[in-house]
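Visitor: Before we look, could you take me through the reasoning behind the labels you use, setting each value against its cut-off?

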Amino acid sequence: MIEIRGLIKRFDGKAVTRNAVDNIDLTVPEGQLVTLLGPSGCGKTTTLRLIAGLERPDAGEIRIGGKVVYSSDDNVYVGVHQRPIGVVFQSYAVWPHMTAIQNVMFPLRSGQKKLPVPEARAKAMEALDLVGLADLADRPAPALSGGQQQRISLARALTREPEVLLLDEPLSNLDKGLRDRVRDEIRAVQQRLGITTVFVTHDQDEALAVSDEVILMEYGQIVERGPAQQIYARPRSEFTARFMGISNSMPGTVTACSDDLVDITLPHGTLRCVAAGDLVEGHQVNVFIRPESLSLSRKDTTGLGWKGTVEFSIYHGDCWDYHVRVGDTLLRSRIYKEKVGLSHGDPVFVSPDQETAIAIPVGTPAANAGTPPLAGTATAG
Ligand SMILES: Nc1ncnc2c1ncn2[C@@H]1O[C@H](COP(=O)(O)OP(=O)(O)OP(=O)(O)O)[C@@H](O)[C@H]1O
Ligand SMILES: [Mg+2]
């Protein structure tokens with residue numbers, strides 16, 4: 001288990017206007033995998049490095065397995081080598097002059113708790129076996145593929161049997177097919193060992209695929225957190241909705257409410273939506289609609305379609321994205337059909353699915369709204 005309270009990190013410098021990590025509270029339950037997800041520069045790597053002890057916080061507290069490894073109040077700082085962690089970085093740092101097994105054995109043969117060679121070798125073989133590379137143990141590292149090298153890094157991080165595994169964009173140097181395979185491997189090993197893991201990524205699909213919980217970050221703060229399905233299907237903030245790829249949005253007004261469904265008047269008609277948050281009649285909202293929730297037809301059979309014109313289309317192999325202008329709004333509709341046969345300038349009717357769009361109250365705060373830059377910074381002793 002990892003417990004983080006009030007964590008703050010600021011990098012000094014002329015152009016620095018915000019804390020890189022700005023008052024984060026986070027608990028990663030025992031045996032779970034939590035992803036830190038967010039755009040470039042939002043503080044994911046810094047958070048991970050603070051947990052690892054590779055960076056010293058300015059304030060807050062970090063506990064790993066119940067033990068305080070950093071506390072600004074009590075002036076505790078446990079160094080990286082004393083923390084029960086394994087780390088894997090984006091650039092798979094394998095040593096080219098060593099074989100696969102020598103790479104994995106290295107941490108066991110260095111430092112104060114140096115193991116004898118036969119013992120270290122046995123442990124390294126176990127770790128290689130876990131990541132499916134036992135057969136390649138004696139292969140020189142440069143003769144391994146990118147994905148194999150990344151799995152070597154993972155095996156090396158696991159050899160010391162850490163309580164906590166920290167992964168910083170471990171897949172980003174791999175091509176698409178390999179990325180999926182190594183991702184699945186990481187999740188399988190993590191679940192098999194029941195190892196508490198923090199996984200950093202800026203890729204929402206990757207986060208959804210591997211996580212027990214997804215933490216959305218922006219400007220060093222946590223914007224939203226929840227199980228992957230909830231973050232995908234029921235985002236509660238505009239930032240999350242956009243980041244999770246819900247590209248269509250339009251302003252509307254609540255006209256009726258029942259439980260978590262609301263009727264919304266939009267510029268082109270009305271729509272029953274899922275409410276994100278407490279809404280009452282008259283509330284102003286932004287409605288977020290997934291491209292796959294908008295269907296297109298040449299005739300308006302229901303009388304409820306929104307009249308528009310096709311601007312352009314993009315082919316993705318398994319689907320088409322049609323960009324359709326409806327009034328002032330450009331909407332994206334994703335169609336999973338072999339042949340739709342619409343082209344630039346064609347008139348169409350756009351029909352949104354009922355009860356799938358999400359109505360988010362206007363002005364849902366972004367992470368840092370209202371907080372002055374560098375608020376709450378304290379210095380650790
Ligand atoms: N050593 C450093 N010195 C000064 N500023 C830093 C340093 N490391 C990070 N920062 C700044 O802190 C902020 C958070 O950086 P961080 O590397 O944690 O972002 P990230 O979310 O990992 O981004 P990415 O997805 O690009 O890896 C950024 O504004 C970055 O420029
Ligand atoms: Mg990073």
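Guide: What follows is a conversation about the sheets, the packed helices and the ligand site of this predicted model.

Visitor: Let us begin with the sheet that contains E7; in what order do its strands lie, and what is the pairing?

Guide: There are 6 strands, arranged as E7-E8-E9-E3-E10-E11 in an open sheet, and the pairing is mixed. The twist from one strand to the next averages 20°.

Visitor: Why do you say that strand E7 and strand E11 stand at the edges?

Guide: Strand E7 (85-88) and strand E11 (221-226) each have a single partner strand, so one side of each has no neighbour in the sheet.

Visitor: How do you know that strand E8 and strand E9 pair?

Guide: Pairing requires at least two bridges between the strands, and strand E8 (residues 164-168) is joined to strand E9 (residues 196-201) by 5 bridges in the parallel sense, so the criterion is met. One of these bridges can be located by residue, since Val164 has Thr196 in E9 as its bridge partner.

Visitor: What makes you say that helix H1 packs on this sheet, and which strands does it touch?

Guide: Contact means heavy atoms within 4.5 Å, and helix H1 (residues 44-52) touches strand E3 (33-37), E7, E8, E9 and strand E10 (213-218), with a direction that makes about 150° with that of E8. Helix H4 (residues 146-158) also packs on the sheet, where it touches E7 and E8, and its direction makes about 170° with that of E7.

Visitor: Turning to the ligand, which residues surround ligand 1?

Guide: The residues around ligand 1 are Phe11, Ala20, Pro39, Ser40, Gly41, Cys42, Gly43, Lys44, Thr45, Thr46 and Glu169. Sorted by class, this shell has 4 nonpolar, 5 polar and 2 charged residues.

Visitor: Why is the approach of ligand 1 to Gly41 called a polar contact?

Guide: The cut-off for a pair of N or O atoms is 3.5 Å, and an oxygen atom of ligand 1 is 2.7 Å from a polar backbone atom of Gly41, so the pair qualifies. An oxygen atom of the ligand is likewise 3.2 Å from a polar backbone atom of Cys42, and for a polar backbone atom of Gly43 the distance to a ligand oxygen is 3.0 Å. Of the 640 Å² of accessible area that ligand 1 has on its own, the protein covers 56%.

Visitor: How do you know that E14 and strand E21 pair?

Guide: They share 2 bridges in the parallel sense, and because the criterion is at least two, this count satisfies it. In this pair Val274 is bridged to Ile358 in E21. E14 (residues 269-275) also pairs with strand E13 (residues 261-266), in the antiparallel sense over 6 bridges, and E13 and E14 form a hairpin with 2 residues between them. Within that hairpin, Val262 stands opposite Cys273 in E14.

Visitor: What makes strand E16 and strand E19 edge strands in their sheet?

Guide: This open sheet has 5 strands in the order E16-E20-E17-E18-E19, with antiparallel pairing. Strand E16 (294-297) and strand E19 (329-335) have a single partner strand each, so one side of each is left without a neighbour in the sheet. Here the twist averages 45° from one strand to the next. Inside the sheet, strand E17 (residues 306-315) and strand E20 (residues 347-352) pair in the antiparallel sense over 4 bridges, with Val348 in E20 as the bridge partner of Gly308.

Conventions
Residues numbered from 1 in each chain as written. Chains lettered and ligands numbered in written order. Predicted model: local features only at pLDDT ≥ 70, side-chain atom pairs only at ≥ 80, totals over all residues. Heavy atoms only, no water. Axes fitted to C-alpha atoms, helices over the stretch in contact; angles between N-to-C directions. Near = heavy atom within 4 Å. Polar contact = N/O pair within 3.5 Å; in protein donor to acceptor, adjacent residues only side chain to side chain. Areas by Shrake-Rupley, 256 points an atom, 1.4 Å probe, with all protein chains shown as cover. Nonpolar A, V, L, I, M, F, W, Y, C, P; charged D, E, K, R; others polar.
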